[in-house]
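Here are my notes for you to read with the model open. Go through them in order, and find each residue on screen as you reach it.

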Amino acid sequence: MRIGIIGTGAMAAALGAHWARAGHELLIGGRSPAKAAELARRLGGRPGAPAEAALHGDAALLAVGFDAVAEVLADAGAAAGALRGRVLIDCTNALGPGFLLTTGTGPGAARTIAAATGARVVKAFNHSAEAVWRLDPPVFPDGPLAVPLCGDDADALELVSTLVLDTGCVPLRAGGLDRADQLEAMTAFLIGLWKTGQDPRAMLPPYAAITA
Ligand SMILES: NC(=O)c1ccc[n+]([C@@H]2O[C@H](COP(=O)([O-])OP(=O)(O)OC[C@H]3O[C@@H](n4cnc5c(N)ncnc54)[C@H](OP(=O)(O)O)[C@@H]3O)[C@@H](O)[C@H]2O)c1
């Protein structure tokens, strides 16, 4: 596949490394040409601007802070419909002080991006830390990490499922984009526990206990 990666930070580097290894052709879009060139050199892709990456290939990963997303989408021509129908992968966490979402009680990040672009947005890769995405592969004693996906378009979900498998993880179909708000809120909750030294896995009973 041909994948645009918007951003040159931790998530861009971690996910981009898996996708480059899987043979995908990457365009790394950075506002800093030097950082884009450096990451493209490391991953074996081509550097460009964020707007170029947003419009590149089969899908684009938004790997910038949520507060930067509106500017990136505007530069890519969202208002004129340039992103309509594109597959956009949203890994953002709009996290503010107190581990609360800056999107508040309104539409979450993924739904905001979909409304601004008309793109086929898939929420994915937001629920776990960059250190986990850097593992090759993110597989633990009880199996590979599951990656919850929320989106409304079957083809877009299929494409992102392939990109999940390419990281060594397994896709977990978690519903439509209307469920992305829950995934975003759940992630904020998890981050609040992790960052205060508590293990959220301890609160989850085994699946068999729930289904017994
Ligand atoms: N880190 C994690 O563990 C993690 C896990 C899951 C999800 N996420 C989410 O993934 C997204 C990226 O996180 P990250 O950790 O990769 O962040 P990061 O390492 O800080 O990188 C952020 C990237 O966004 C770029 N950027 C910032 N403002 C911009 C703008 N106005 N226009 C264009 N590019 C801009 C930065 O460019 P410069 O270098 O030029 O500043 C940098 O390349 C965030 O939404 C975050 O919530 C992060």
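1. Let's settle one word before anything else: a residue counts as buried when its relative accessible area is under 20%, and as exposed when that area is over 50%, with partly exposed in between. Keep in mind, too, that you're looking at a predicted model.

2. Try the word out on T103. Is T103 buried or exposed? Its relative accessibility is 16%, so T103 counts as buried. You'll find T103 in the loop between β5 (87–90) and α5 (109–117). Leaving out residues up to four places away in sequence, T103 touches F66, A94, G108 and A109.

3. Stay in that loop for a moment, because F99 gives a contrast: its relative accessibility is 34%, so F99 counts as partly exposed. F99 also sits in the loop between β5 and α5. Check its backbone while you're there: phi of F99 is near 60°, a positive value in a residue other than glycine.

4. Now for F125, in the loop between β6 (120–123) and α6. Phi is positive here as well, near 70°, and again the residue isn't glycine. F125 has a relative accessible area of 0%, so it belongs with the buried residues.

5. F125 leads us to the largest nonpolar core, which has 34 residues. Which residues have the most contacts inside this core? They are W19, I89, F125, W133 and V160. As a bit of background, nonpolar side chains tend to be buried together in soluble globular proteins. Another core lies apart from the largest one; it has 27 residues, including V69, A114, A119 and A180.

6. Click on W133 next. Setting aside its neighbours within four places in sequence, W133 is in contact with a list of residues that includes M11, H18, F125, L145 and C169. Hold on to two of those names: M11 and C169 both come back below.

7. C169 is in the loop between α7 (154–166) and β10 (170–173). With just 2% relative accessibility, C169 counts as buried. Not counting residues up to four places away in sequence, C169 touches W133, P138, P144, L145, V147 and V164. If you want a feel for scale, pick C169 and E52: they're 117 residues apart in sequence, and their C-alpha atoms are 28 Å apart in space.

8. Here's one that's easy to miss by eye. The peptide bond from D136 to P137 is cis, with omega near 0°. P137 is in the loop between α6 (130–133) and β7 (139–140).

9. On to the ligand. How many residues surround the ligand? There are 23, and the closest are T8, M11, K35, V64 and E130. By type, the shell divides into eleven nonpolar, eight polar and four charged residues.

10. Zoom in on the ligand's oxygen atoms. A backbone N or O atom of M11 lies 2.8 Å from a ligand oxygen, and a backbone N or O atom of V64 also lies 2.8 Å from an oxygen of the ligand. With R31, a polar side-chain atom is 2.8 Å from a ligand oxygen. The protein covers 74% of the 910 Å² of accessible area that the ligand has on its own.

11. Last, where does the shell come from? The elements giving two or more residues to the shell are α1 (10–21) and α4 (66–75). The largest share, four residues, is from α4.

Terms used
Residues numbered from 1 in each chain as written. Predicted model: local features only at pLDDT ≥ 70, side-chain atom pairs only at ≥ 80, totals over all residues. Heavy atoms only, no water. Near = heavy atom within 4 Å. Polar contact = N/O pair within 3.5 Å; in protein donor to acceptor, adjacent residues only side chain to side chain. Areas by Shrake-Rupley, 256 points an atom, 1.4 Å probe, with all protein chains shown as cover. Nonpolar A, V, L, I, M, F, W, Y, C, P; charged D, E, K, R; others polar. Core = buried A, V, L, I, M, F, W, Y, C linked by side-chain atoms within 4.5 Å. Buried < 20%, exposed > 50% of the residue type's maximum accessible area, 1.4 Å probe, protein only. Contact = heavy atoms within 4.5 Å.
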